[in-house]
Amino acid sequence: MTAHRQPSTVHRGAPSSSARSALIIGITGQDGSYLAEHLLAGGYTVHGLVRRASMFNRSRIDHLRAAPSSQPAAHSSKPEAQGSRLTLHYGDLNDRTSLRRLLKTIAPSEVYLLAGQSHVGLSFEIPEVTCEENAMATLGLLEALRDLENPVRFYHASSSEIFGLPADSPQNEATPFNPVNPYGCAKAFATQLCRVYRSAYGMFVCSGISYNHESPRRGENFVTRKITLGAARIKAGRQAVFALGNLDARRDWGYAPEYVAAMARMLQARQPGDYVLATGKTCSVRDFATAAFAELGLELKFKGKGAGETGVRTDTGAVVITIDPRFHRPADAANLTGDASLAKKALGWAPKVTGTDVARLMARVDREAIAGLKPETCFKHRDRRVRRD
Ligand code: NAP
Ligand code: GDP
């Protein structure tokens, strides 16, 4: 599993930015929404796939559809509404026929696959959907792209979860896969398949092996957003306490807008390849929570051990964080840390915002949203029926 570069295949240069068009599969998600912003600002024509839902699921991209560009597009001499370069199409990863048809109709120069079941904890509860969307759908897309007349550059959203319990730390592009959950297994399958299609068919296929990247647009059932929203609600007096699982878990947390820039650079490079995208620094869930509360002026101290541990406000003595064993996972990935030196060397990419800085940034935005100052950042599509958060 080391054939991650294919320098012998000669690829035609990337088209100029004015000729570039991208299909973002997963445009309504955290990364898809930031990537759409990034590509539109770079002069691209952007198509996005949205799936049918019983309620509109476009709160992360509504601002792109309504608002005119604040600046003229780089390739144009006159101001142009970014919205006019953004088109949404209904579709679903599980509907391969319509995906094929869409690819033929819009003929994009780049395709970014950012869609799928993205929650690791939930992958234990819905493993078949997780594998169908994260593994088999990637295969379906690679096959569809292989059949297209014009070559298309393809980005696959791989994950640090492919390493699971890794032999080495930090991990790089040559670290062997060793996933420990259904999500990681599906991503490992898809990552290897991308390598196979790159080397067997000479396709321009890249996997970004991303470590956790967060933002105020992160889904509310990921631990970072759960913490920053919880802290903001507690600060505003709207909530008293919330529960977490493994406080000792450490993650290499970065800032999502920086990561989407790397995705675009991969598809603009001369040669395709796989790249670890990471900050190289980790902090624990406990550290992240402490920083988020501190940003809101609340000092937090942790007391006790194991299931009896609590997070306590030092000003009032009130318990604001408890442990709920339901949020522990049957198996949790180790303290994954990435080595992104290849991305730095080949793409000139180096993230600036790390761990507790991300916590502070998210807490600030959530506090403003809760206070009603920036309502657009307060996403409401939570499913309270989901047991594992
Ligand atoms: P996200 O916020 O959960 O977004 C997932 C996107 O996939 C949403 O647009 C969602 O649509 C769409 N989707 C899900 N199932 C679909 C289906 N059957 N058909 C069509 N669209 C579907 O995830 P993210 O954080 O942006 O992550 C993007 C990708 O990177 C994912 O593949 C994730 O596994 C991977 N990744 C993320 C991280 C990270 O830290 N964020 C790290 C490593 C890898 P709805 O809006 O309708 O739900
Ligand atoms: P992941 O790394 O993609 O699984 O991102 P998450 O944000 O879902 O989880 C990051 C880490 O936080 C994992 O090790 C979880 O076990 C840990 N964690 C601790 N408490 C919670 C919680 O209440 N919810 C979630 N989602 N994760 C938690």
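Helices α8 and α10 are oblique to each other in this predicted model, because their axes cross at roughly 45° and an angle that is neither under 35 degrees, nor over 145, nor 65 to 115 counts as oblique. The axes of α8 (residues 285–295) and α10 (residues 355–370) come within 8 Å. Helix α8 also packs on a sheet of 4 strands.

**Contact of α8 with α10**

- The crossing in which α8 passes α10 is right-handed.
- On the α8 side, the contact involves Asp287, Phe288, Ala291, Ala292 and Glu295.
- These residues meet Gly355, Thr356, Val358, Ala359, Arg360, Met362, Ala363, Arg364 and Arg367 of α10.
- By class, the residues of this contact comprise 7 nonpolar, 2 polar and 5 charged.

**The sheet**

- The strand order is β8-β15-β14-β13, in an open sheet with mixed pairing.
- Strands β8 (242–244) and β13 (300–303) form the edges, each pairing on one side only.
- On average, neighbouring strands are turned by 25° against each other, direction ignored.
- Strands β14 (residues 310–313) and β15 (residues 319–323) run antiparallel and are joined by 2 bridges.
- Glycine 311 has isoleucine 321 of β15 as its bridge partner.

**Helices on the sheet**

- Helix α6 (residues 223–235) lies across β8, β14 and β15, and runs at about 160° to β8.
- Helix α8 touches β8, β13 and β15, and its direction makes about 150° with that of β13.

Terms used:
Residues are numbered from 1 along each chain as its sequence is written. Chains are lettered from A and ligands numbered from 1 in the order in which they are written. This is a predicted model: local features need pLDDT of at least 70, side-chain atom pairs count only at pLDDT 80 or more; totals for chains, interfaces and linings use all residues. Side-chain values use heavy atoms; hydrogens and water are left out. Two strands pair if DSSP finds at least two bridges between them. Axes are lines fitted to C-alpha atoms, for helices over the stretch in contact, and angles run from 0 to 180 degrees between N-to-C directions. Contact means heavy atoms within 4.5 Å. A crossing is left-handed if the near helix is turned anticlockwise from the far one by less than a right angle, and right-handed if clockwise. Ala, Val, Leu, Ile, Met, Phe, Trp, Tyr, Cys and Pro count as nonpolar, Asp, Glu, Lys and Arg as charged, and the others, Gly among them, as polar.
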